[in-house]
Amino acid sequence: MNLTERRAILVSQINNIKDARTLEMLEETLAYYTHIGNVDITDGLNEYQMRELASLMQEPAEKDTISEEEFKKIFARWGSK
């Protein structure tokens, strides 16, 4: 499939989107990947938000996880009638 065909398929798919939020997400994604106006996703964050984001990046990924056994114990009552 050449570039023109891909474009035509994408335009058709975009024209069939009925949800405004989906179009917004598409716009944001395109802006990010095409660097329209050289805008970075963090440009709109204030100093506090940037510090918070930086501290969250330093946290271990497994910080708030529980084992499968713990999960099963916690949610066991929803599995019973």
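Is Phe75 buried, partly exposed or exposed, and what is its relative accessible area? I looked this up before anything else, in what is a predicted model. Phe75 comes out partly exposed, at 38% relative accessible area.

**Aromatics and the nonpolar patch**

I went on to ring pairs, and the count is one aromatic pair. The partners are Phe71 and Phe75, with ring centres 4.7 Å apart and planes at 40°, so I put the pair down as tilted, since that label covers angles that are neither under 30 degrees nor over 60. Phe71 is partly exposed too, with 45% relative accessibility.

Both rings turned up again when I checked the surface. Ile66, Phe71, Ile74, Phe75 and Trp78 make a nonpolar patch of about 540 Å². I looked at Trp78 separately: this residue sits in helix H5, residues 76–79. Trp78 counts as exposed because its relative accessible area is 56% and the cut-off is over 50%.

**Leu45 and a long distance**

Next I picked Leu45, which I found in the loop between helix H2 (20–34) and H3. My reading for Leu45 is partly exposed, at 32% relative accessibility. I then took the distance from Leu45 to Trp78: their C-alpha atoms are 40 Å apart, with the two positions 33 residues apart along the chain.

**Helix lengths and starts**

I compared helix spans with what 1.5 Å a residue would give. Helix H1 (residues 3–15) has 13 residues and should span 18 Å; its end C-alpha atoms are 18 Å apart, so the two agree. H2, with 15 residues, reaches 21 Å from first C-alpha to last, close to the expected 21 Å. Helix H3 (residues 47–58) has 12 residues and reaches 17 Å, close to an expected 16 Å.

Then I looked at how two of these helices begin. At the start of H1, a side-chain oxygen of Asn2 comes to within 3.0 Å of the backbone nitrogen of Thr4. At the start of H3, Asn46 has a side-chain oxygen within 3.1 Å of the backbone nitrogen of Tyr48. I also noted what comes after H2: His35 follows, and its phi is positive, near 55°.

**Two residues of H3**

I stayed with Tyr48, which is in helix H3. Tyr48 is exposed, at 53% relative accessible area. From Tyr48 to Ser12 I get 42 Å, C-alpha to C-alpha, for two residues 36 apart in sequence.

Met50 is in helix H3 as well. I have Met50 down as partly exposed, with 36% relative accessibility. The C-alpha atoms of Met50 and Glu5 are separated by 41 Å, and the two residues are 45 apart along the chain.

**Salt bridges**

How many salt bridges does the count come to? I get six.

I started in H3, where the side chains of Glu47 and Arg51 meet in a salt bridge at 3.0 Å, N to O. Why are Glu47 and Arg51 separated by about one helical turn? They are four residues apart in helix H3, so the spacing is about one turn. Glu47 is exposed, at 62% relative accessibility, whereas Arg51 is partly exposed, at 48%.

Lys63 then appeared twice in my notes. Glu59 and Lys63 meet through their side chains in a salt bridge of 3.7 Å, N to O. Lys63 also forms a salt bridge with Asp64, the closest N and O atoms being 3.8 Å apart. I checked how open each of these three is. Glu59 counts as partly exposed, at 34% relative accessibility, and Lys63 as partly exposed, at 48%. Asp64 is exposed, with a relative accessible area of 64%.

My last entry is a network: Arg21, Glu24 and Glu28 are joined into one by salt bridges that share partners.

Technical notes:
Residues numbered from 1 in each chain as written. Predicted model: local features only at pLDDT ≥ 70, side-chain atom pairs only at ≥ 80, totals over all residues. Heavy atoms only, no water. Helix = DSSP H or I, 4+ residues; strand = E, 2+ residues; numbered from the N terminus. Expected span 1.5 Å × (residues − 1). Polar contact = N/O pair within 3.5 Å; in protein donor to acceptor, adjacent residues only side chain to side chain. Phe/Tyr/Trp six-rings, centres within 6.5 Å; stacked < 30°, edge-to-face > 60°. Buried < 20%, exposed > 50% of the residue type's maximum accessible area, 1.4 Å probe, protein only. Patch = residues over 30% accessible without salt bridge, like charges linked within 9 Å, V, L, I, M, F, W, Y side chains within 5 Å. Areas by Shrake-Rupley, 256 points an atom, 1.4 Å probe, with all protein chains shown as cover. Salt bridge = Lys/Arg side-chain N within 4 Å of Asp/Glu carboxyl O.
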